[in-house]
Amino acid sequence: MDKAQKQLSAQESSVALTAGLDPGGDHPGQVLVELKDNVTQQVFFHYYLPAEQVAKAATQGTAQGVPPGTLLKGKA
């Protein structure tokens, strides 16, 4: 069983992209977007974006010619 668990863990990505509400409440009306390595806990980037922009990008997406990553390009 341990061998199977190790193989499964090795196949999973150690990097996670998360988006959600600000856990501290210091940025009302904004969405926290974070890219983090789950193994080392190193945060590659951590940005707050206006919720309206995130919602607009989600509804329009690439169907309206909005290239992926447009919201984060201005922050990078």
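1. In this predicted model, Leu 32 stands opposite Tyr 48, a residue of strand β3. Further along the pairing, Gln 30 is likewise placed opposite a residue of β3, namely Pro 50.

2. These two facing pairs belong to the contact between strand β2, which covers residues 30-37, and strand β3, which covers residues 43-50. The two strands run antiparallel and are joined by seven bridges.

3. Beyond this pair, the arrangement to consider is an open sheet of three strands, in the order β1-β2-β3, with antiparallel pairing. The edge strands are β1, spanning residues 15-21, and β3, each of which pairs on one side only. From one strand to the next, the twist averages 15 degrees.

4. The connection between β2 and β3 deserves a separate comment. The two strands form a hairpin, with five residues lying between them, and Gln 41 is located in this loop. The backbone of Gln 41 has a positive phi of about 65 degrees, although the residue is not a glycine.

5. On the surroundings of this residue, is Gln 41 buried, exposed or partly exposed? Its relative accessible area is 44%, and Gln 41 is therefore classed as partly exposed, since the partly exposed class lies between the limit of under 20% for buried and that of over 50% for exposed. A reader inspecting the turn of the hairpin may thus wish to view the positive phi of Gln 41 together with this partly exposed setting.

How values were computed: Residues numbered from 1 in each chain as written. Predicted model: local features only at pLDDT ≥ 70, side-chain atom pairs only at ≥ 80, totals over all residues. Heavy atoms only, no water. Pairing = 2+ DSSP bridges. Helix = DSSP H or I, 4+ residues; strand = E, 2+ residues; numbered from the N terminus. Axes fitted to C-alpha atoms, helices over the stretch in contact; angles between N-to-C directions. Buried < 20%, exposed > 50% of the residue type's maximum accessible area, 1.4 Å probe, protein only.
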